[in-house]
Amino acid sequence: MLTDGFKERFSGFITLRRNFFRSVIIATLLPIWVTMFPLGSTLAGAAEPQHDLTDLSLEELMDLDVFSVNVLGTHTHLEDEWMLGYQYMFMSMDGNRNGTQKISDQDVLKDFMVAPTNMTTQMHMIGVMHGLSDDLTLMVMLPYIKKSMDHITKAGGRFTTDSEGPGDLKLSATYTFYGNVKRDAFHATPWGPHRLLLDIGLSIPTGSIDEKDFLANPTMGKKQLPYPMQLGSGTFDLSPGMTYLGQSENWAWMAEAVITSRLGKNSNNYRLGNLYHISSWLARKVTDALSLFIEMDGDILENIEGADPALNPTLVPTADPGRRGGKSVDLSVGVNIYLPADEVNKGHRIVIEGGFPLYDSLDGPQLNMAWMLNVGWAWTF
Ligand SMILES: [Cu+2]
């Protein structure tokens, strides 16, 4: 768990003035940036005269925002633009799967004392994004996570475990190395403009990996919870990615690949498996105030290396580091709504997205995703 001091600092953090926050983000992210990319274009960008979002018409702003179907997903901002984003995610997992086959609770209980039956995960994510130049966008994001898992025992008893707290703090830098949104977006050809982005994320292990709760027998006190109930990875994680973005007058489309790799082992003697993520979406502008999108995500998650010595992998499949990996393909549909705005009060956007699995192949028994809901609000200023 984070100390109260950290929470206080964080809440104080977001109320500080823009200039200070900008320095903090730059100071934190510039070392990553400097090691990854040449510095020249940043300095050139910073020396350009400042421009103001109020220079853009409402329609031009919306054209830019078509590029971002997610509140905190990969997208960029113009120089000196700020975005404050909040995203709520709810995910329901229901029933177990082994490979691609659904299996019953009784099947799981043939090999284990306890079977997980379902799980809900809720995340409140707060993020701040800033365009350092038209080509470089920085982001800081912190999730607050609430998890709940239901179980059944061999003897027929049922119990629920809960965990709650901050997750891992994420910093990222997104660099446009091909194409230029400001130059091209307002003169879109039928099949352009096209942009390629490089993305580097660093996850700081602020989330707990020592969540405990009562299990089937509460008289034994609170016990260490299995891997999927923990709130963080416990390691510094690097996630480099590459994104392609295209746009025509009424359509926008995206394809992205991101690899998340864990650096070293955490204090509980394990590291989560690497995650290979590909994502693509297609968005269609319906009116100036509304766009619809469809998104497909593919994930390959490797198993955990090492093991938390406080967990017994023969008791319940969630405590087995060799039963966490899997492949999945999910489909989601969503809507982007631009709030009624005037020339002064512009830049608010709401995203609502629902998703469900198309394909799961899990190193099980493992709970599989049933459905998810994302609701987000972004304020660009
Ligand atoms: Cu943003």
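## Arg349 and its partner

Let's start inside strand β17, which covers residues 348-380 and is the place of Arg349. Bear in mind as you look around that this is a predicted model. Is Arg349 buried or exposed? With a relative accessible area of 1%, Arg349 is buried, because buried means under 20%.

The side chain of Arg349 has a partner to look for. A polar contact of 2.9 Å joins it to the side chain of Asn336. Asn336 also leads us to another strand: its C-alpha atom is 6.2 Å from that of Leu292, although 44 residues separate the two in sequence. Leu292 is found in strand β14, and its relative accessible area of 42% makes it partly exposed.

## A cis bond in strand β17

Strand β17 has another feature to find, at Pro365. The peptide bond that runs from Gly364 to Pro365 is cis, with omega near 5°. Try locating this bond in the structure, then trace back along the strand to Arg349, which is also placed in β17.

## The copper site

Now turn to the copper ion. Which protein atoms are its donors? They are NE2 of His75, NE2 of His77, SD of Met83 and SD of Met129, and they lie 2.0 to 2.4 Å from the ion. Along the sequence, these donor residues follow the spacing H-x1-H-x5-M-x45-M. You can check that pattern for yourself by counting between them.

Why is the arrangement called tetrahedral? The four donor atoms subtend angles of 92 to 117° around the copper ion, and four donors count as tetrahedral if all angles lie between 85 and 135 degrees. As for the two histidines, both His75 and His77 are buried.

## Asp80 and Asn269

Asp80 sits in the loop between α4 (58-65) and β1 (82-99). Its phi is near 70°, a positive value in a residue other than glycine. Asp80 counts as buried, because its relative accessibility is 17%.

Asn269 also has a positive phi, about 70°, and it is not a glycine either. This residue belongs to the loop between β11 (251-263) and β12 (270-271). How does Asn269 stand in terms of accessibility? Its relative accessible area is 44%, so Asn269 is partly exposed.

## A pair of asparagines

Another loop, the one between β14 (290-301) and β15 (305-306), holds Asn303. At 25% relative accessibility, Asn303 counts as partly exposed. Pick out Asn274 as well: it is 29 residues from Asn303 along the chain, and the C-alpha atoms of the two are separated by 7.9 Å.

## The largest pocket

Finally, let's look for empty space. Rolling a probe the size of a water molecule over the atoms reveals where such space is left. How much space lies in the largest pocket? The answer is about 450 Å³. Its lining is made up of 24 residues, and the closest to the centre are Val114, Phe159, Leu215, Ala216 and Leu315.

Several strands contribute to this lining: β4 (136-153), β5 (158-166) and β9 (222-224) each supply at least two residues. What kinds of residue make up the lining of the largest pocket? They divide into 14 nonpolar, eight polar and two charged.

Definitions and conventions:
Residues numbered from 1 in each chain as written. Predicted model: local features only at pLDDT ≥ 70, side-chain atom pairs only at ≥ 80, totals over all residues. Heavy atoms only, no water. 1 Å grid on protein atoms, 1.4 Å probe; cavity = no way out; pocket = protein on both sides within 12 Å on 5 of 7 lines; lining within 4 Å. Points joined across faces, edges and corners; volume = space filled by probe spheres on them. Helix = DSSP H or I, 4+ residues; strand = E, 2+ residues; numbered from the N terminus. Nonpolar A, V, L, I, M, F, W, Y, C, P; charged D, E, K, R; others polar. Buried < 20%, exposed > 50% of the residue type's maximum accessible area, 1.4 Å probe, protein only. Polar contact = N/O pair within 3.5 Å; in protein donor to acceptor, adjacent residues only side chain to side chain. Donors = N, O, S within 2.8 Å, 3.2 Å for Na, K, Ca; no water. Tetrahedral: all angles 85-135°; square planar, octahedral: opposite > 155°, others 65-115°.
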